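Q: I am new to this structure and would like some friendly guidance. Please take me closely through one part of it.

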Amino acid sequence: MADKTFGPQGWTPERLGSLTGKTYLITGATAGAGFQATRTLLSKGATVVMLNRSVEKSTDAVTKLKEEFGAGAEVSFVKMDLSVLDSVREAAATVLKTVPRIDALICNAAIAQVPEQRITADGFESMLGTNHYGHFLLSGLLFERIEESKGRIVVVSSLGYKMGIRTIQFDDMNWDHNYHQNKTYSQSKLAQMMFAYELQDRLAKAGKTDVKVYVCHPGSSRTSLITTSGNFATRMMFGLMSLSPMVQSAEKGSYPEVMCATEDGLEQRALYGPTGRNEWVGPVGKGTLEPFAYDKNTTRRLWDLSEKEVGFEWNL
């Protein structure tokens, strides 16, 4: 049954009041849902710092946003490549020097359906390295600032977490023997969710209740995600799908992450997103969360492995 907490239309930005004085960090905000989320937050007076790989695209995005919201709009960017751990470390250091508060870190950036196995500079399968390990390290490096701000960590996952083997392939994390663009992508998005749910548990155990952690997904939205990393057949298929009513705009796809970054009273052990047909489109609220996404033995094991792989131990 669809969540009716926010009425028949679900959560929309109309619920937002002034966000003046609040600061939001968003990864991957030059296009798609991340860009649209930035627009919404700026429209309410927030400060937004984008963490993006491309300087050129970031500069263009800032220019467009200042044209829309005025030269005084508080939007900037820090260069960061999530697939390179040293880049994440450098970006986090810059943020800690220049951003005095973080009301929410929105882990929005991702790559998807990479057609052939690619390995990052740090030796990880590219989707796992970018989507999970990069955000795991970034969140850890910025955690104290988020805690000082009584802020949030918002993990943007995907319904794709259900497409694969529904667990973590610990004996072959890079999928050297059975690489599959969809199943391997599914593992990366499941890993992100497991990170969030394990973090919730660890914060509760440590009595650190000032930091909230939420998980959401954009549903089926017209973003650049597939077109930037999928193969030709995947891009063609999604291009045809995007013409149907089963795909919504990138702006609507951004609603769940904006909601999770701003709305009070949300449940943490939940998955927020569209609640309409197949939970691909429709009013935004609490959707269906499969129990395997927070299986304790798996989340604990993944956490320990992630700390080892990225060379960072969380201080909780």
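What follows is a request about one pair of helices and a connected answer. How do helix 4 and helix 5 cross, and which residues make the contact?

A: Happy to help! This is a predicted model, in which local features need pLDDT of at least 70 and side-chain atom pairs count only at pLDDT 80 or more, while totals for chains, interfaces and linings use all residues. Residues are numbered from 1 along each chain as its sequence is written, and side-chain values use heavy atoms, with hydrogens and water left out.

Let us start with the helices themselves. Helix 4 covers residues 126–148 and helix 5 covers residues 181–206; helices (H or I, at least four residues) and strands (E, at least two) are DSSP runs numbered from the N terminus. Two packed helices are described by the angle between their axes and the distance between the axes. For helix 4 and helix 5, the axes come within 7 Å and cross at roughly 20°. Helix 4 is therefore roughly parallel to helix 5. Here axes are lines fitted to C-alpha atoms, for helices over the stretch in contact, and angles run from 0 to 180 degrees between N-to-C directions. Angles under 35 degrees count as roughly parallel, over 145 as roughly antiparallel, 65 to 115 as roughly perpendicular and the rest as oblique. The crossing of helix 4 and helix 5 is right-handed, meaning that the near helix is turned clockwise from the far one by less than a right angle (anticlockwise would be left-handed).

Now for the residues that meet. From helix 4 come Met127, Leu128, Asn131, His132, His135, Phe136, Ser139 and Phe143, and from helix 5 come Gln181, Thr184, Tyr185, Gln187, Ser188, Lys189, Ala191, Gln192, Phe195 and Leu203. Contact means heavy atoms within 4.5 Å. Sorted by class, this contact of helix 4 with helix 5 has eight nonpolar, nine polar and one charged residues. In that sorting, Ala, Val, Leu, Ile, Met, Phe, Trp, Tyr, Cys and Pro count as nonpolar, Asp, Glu, Lys and Arg as charged, and the others, Gly among them, as polar.

One residue to pick out is asparagine 131, which sits in helix 4. Asparagine 131 counts as buried because its relative accessibility is 0%; buried means under 20% relative accessible area, exposed over 50%, and partly exposed in between (1.4 Å probe, protein chains only). Setting aside residues up to four places away in sequence, asparagine 131 touches Ala109, Ala110, Ile111, Tyr185, Ser188, Lys189 and Gln192. The side chains of asparagine 131 and serine 188 are joined by a polar contact of 3.0 Å. Such a contact is a pair of N or O atoms within 3.5 Å; within protein, one must be able to donate a hydrogen and the other to accept it, and residues adjacent in sequence count only if both atoms are side-chain atoms. Asparagine 131 and glutamine 187 are 56 residues apart along the chain, with 9.9 Å between their C-alpha atoms.

Next, the loops beside these helices. Asparagine 174 belongs to the loop between strand 5 (152–156) and helix 5, and it counts as buried because its relative accessibility is 14%. A polar atom of the asparagine 174 side chain lies 2.9 Å from the backbone oxygen of glycine 123. Beyond its neighbours within four places in sequence, asparagine 174 is in contact with Gln117, Ile119, Gly123, Phe124 and Glu125.

Lysine 150 lies in the loop between helix 4 and strand 5. Most residues other than glycine have a negative phi, and most peptide bonds are trans. Lysine 150, though not a glycine, has a positive phi of about 55°. With a relative accessible area of 59%, lysine 150 is exposed.

Residues of that same loop turn up in one more set of contacts, those of aspartate 103. Aspartate 103 is placed in the loop between helix 3 (85–98) and strand 4 (104–107), and it is buried, with a relative accessible area of 8%. Not counting residues up to four places away in sequence, aspartate 103 touches Gly21, Lys22, Thr23, Tyr24, Ser149, Gly151 and Arg152.
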